[in-house]
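Hi,

Here is the structure I promised to pass on. Have a look at it first, and then read on for what turned up when I went through it.

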Amino acid sequence: MSQDNGGSDPSFGDRLKAARSKQGLDAPPAQSLSDKDAPGGSPWGIGMRVGVELVSALVVAVAIGYGLDRIFHTTPILTAVFVPLGGAAGVANLWRLFAPKS
Amino acid sequence: MAAEGSNSIDALGQFQLHPALGPIGGSVNFTQSNLMMVLAGGLILGLLWVGMKPRAMVPGRLQAAAELGYETIMSMCLETIGPEGRRYFPLVFTLFFFILFGNLLGVFPYFFTFTSHIMVTLALTLLVFVLVTVVGLREHGLHWFSYFLPQGIPMALAPLLVVIEVISYLSRIISLSVRLFANMMAGHVMLEVFGAFIVMLGGLGLLGYLPAALALGLNTVLIGFELLVATLQAYVFAVLTCIYLHDAVHLH
């Protein structure tokens, strides 16, 4: 159903966008969205995001390792294997968040 | 309720659930949290229904609010997900306004913030997570699993990186839910603590009036800050949902 009105909408959307940008109406939302993607924002927000991303990856990794240990009765080994992997996944999360966009 | 003893602050008591709507609500375990969810849903529907009723060319205040909300979320979907974003607009719109109204209603006295419970935010996050996975599988079939294999890496590293990518993918559940929950809970705990300071210092007599006034001023500032956090966190939740949908639709 989205295909049907897809034919007429883009041209109208394009014209509307051109008209809006000529009037200078579109500039503020576009800028605020790029601010959101970039690591800008308040320092408190950045710290919150970094902390949440790192810790959540670690929590998931510990949960997986502990669960697998319980299943295979290898208690400390798999948890110990998954904790560094979780840390790496957290750093990967951060890289995806703050990597310079080309 | 804040300071029963003279030196105890019950900062977490505000998050306890109580049955609402009398004995009927009690028998089906309908809590004040559920009541706020129903209220938030009703207010959103009311805003859209009453606001869009005039269908005026030059919108009034309510119609402008409804149209602004529609256009903001629509442009967010289209810019973040791409042209396919139109299909996911209803989901993102519903999530954004449900969370926004939940956060904002919690700022009013005697009201309850249902987004301050991890169970609620976790349920919302699981909905998004399962939906994103299903969308990815439906769009790409089994090819979707190549999402977990970053492009251009040496094959020797593949087993390690696949595990890391899977953990990173699963960690979205935790990060998305904890971010919203922690922000809302932290704000309300701070309000409660400084509110208790006002009562305690005010009880000290003449000496306590000035610090109590300071705490009251700080609480006023915190309410404003809480309004900012409420809007921002609803926006962040919606934007991250869009980004995850973009990943599912486009693979990278």
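In chain B, 62% of the contacts with a separation of 6 or more are between residues 24 or more positions apart. Keep in mind throughout that this is a predicted model. Chain B has seven helices and zero strands, so if you read along the sequence you get α-α-α-α-α-α-α. Its C-alpha atoms fill a box of roughly 75 × 55 × 40 Å along the principal axes, and 30% of the 252 residues in chain B are buried.Within chain B, the pair I'd look at is α4(B) and α7(B). Their axes are 8 Å apart and the packing angle is about 160°. The two helices are therefore roughly antiparallel to each other, and the crossing of α4(B) and α7(B) is right-handed. On the α4(B) side the contact takes in B:Tyr88, B:Val92, B:Leu95, B:Phe96, B:Ile99, B:Leu100, B:Asn103 and B:Leu104. Facing them from α7(B) are B:Ala230, B:Thr231, B:Gln233, B:Ala234, B:Phe237, B:Ala238, B:Thr241, B:Cys242 and B:Leu245. Sorted by class, the contact of α4(B) with α7(B) has 13 nonpolar, four polar and no charged residues.

Chain A has a helix pair worth a look too. α3(A) and α4(A) pack at about 155°, and their axes are 7 Å apart. That angle makes α3(A) roughly antiparallel to α4(A). The crossing of α3(A) and α4(A) is right-handed, and their contact contains 18 nonpolar, seven polar and three charged residues.

Now for where the chains meet. In total, 18 residues of chain A are in contact with 15 residues of chain B. On the chain A side, the elements giving two or more residues are α2 (27-37), α3 (43-72) and α4. Of these, α3(A) gives the most, with eight residues. By class, the side of chain A that touches chain B has twelve nonpolar, four polar and two charged residues.

One helix pair spans the two chains: α4 of chain A (residues 75-98) packs against α6 of chain B (residues 158-202) at an angle of about 65°, with their axes 8 Å apart. α4(A) and α6(B) are therefore roughly perpendicular to each other, and α4(A) passes α6(B) in a right-handed crossing. From α4(A), the residues involved are A:Leu85, A:Gly86, A:Ala88, A:Ala89, A:Ala92 and A:Asn93. They meet B:Val163, B:Ile164, B:Ile167, B:Ser168 and B:Ser171 of α6(B). Seven nonpolar, four polar and no charged residues make up the contact of α4(A) with α6(B).

Which residues does B:Ile167 touch, leaving out those up to four places away in sequence? They are A:Ala57, A:Val60, A:Ala61, A:Ile64, A:Leu85, A:Gly86 and A:Ala89.

B:Ile167 comes up again in the largest nonpolar core, which has 49 residues. B:Ile167 is among those with the most contacts inside this core, along with A:Ala61, B:Val92, B:Phe96 and B:Ala238. Two or more residues each come from α3 and α4 of chain A, and from α2 (32-51), α3 (61-81), α4 (85-105), α5 (118-140), α6 and α7 (209-250) of chain B. The largest share of this core, ten residues, is from α7(B). There is also a second, separate core of six residues, including B:Phe194, B:Phe197, B:Ile198 and B:Met200. As background, nonpolar side chains tend to be buried together in soluble globular proteins.

Last, a charged residue to click on: A:Glu53, found in helix α3 of chain A. Is A:Glu53 buried or exposed? A:Glu53 is buried, because 26 other C-beta atoms lie within 10 Å and the cut-off for a buried residue is 20 or more. Not counting residues up to four places away in sequence, A:Glu53 touches A:Gly90, A:Asn93, A:Leu94 and A:Leu97, as well as B:Ser175 in the other chain. A:Glu53 and A:Leu97 are 44 residues apart in sequence, and their C-alpha atoms are 9.4 Å apart in space.

That's what I have for now. Shout if you'd like to go through any of it together.

Cheers

Notes: Residues numbered from 1 in each chain as written. Chains lettered and ligands numbered in written order. Predicted model: local features only at pLDDT ≥ 70, side-chain atom pairs only at ≥ 80, totals over all residues. Axes fitted to C-alpha atoms, helices over the stretch in contact; angles between N-to-C directions. Helix = DSSP H or I, 4+ residues; strand = E, 2+ residues; numbered from the N terminus. Parallel < 35°, antiparallel > 145°, perpendicular 65-115°, else oblique. Left-handed = near helix turned anticlockwise from the far one by under 90°. Contact = placed C-beta atoms within 7 Å. Nonpolar A, V, L, I, M, F, W, Y, C, P; charged D, E, K, R; others polar. Core = buried A, V, L, I, M, F, W, Y, C linked by C-beta atoms within 7 Å. Buried ≥ 20, exposed ≤ 12 C-beta atoms within 10 Å, placed from the backbone.
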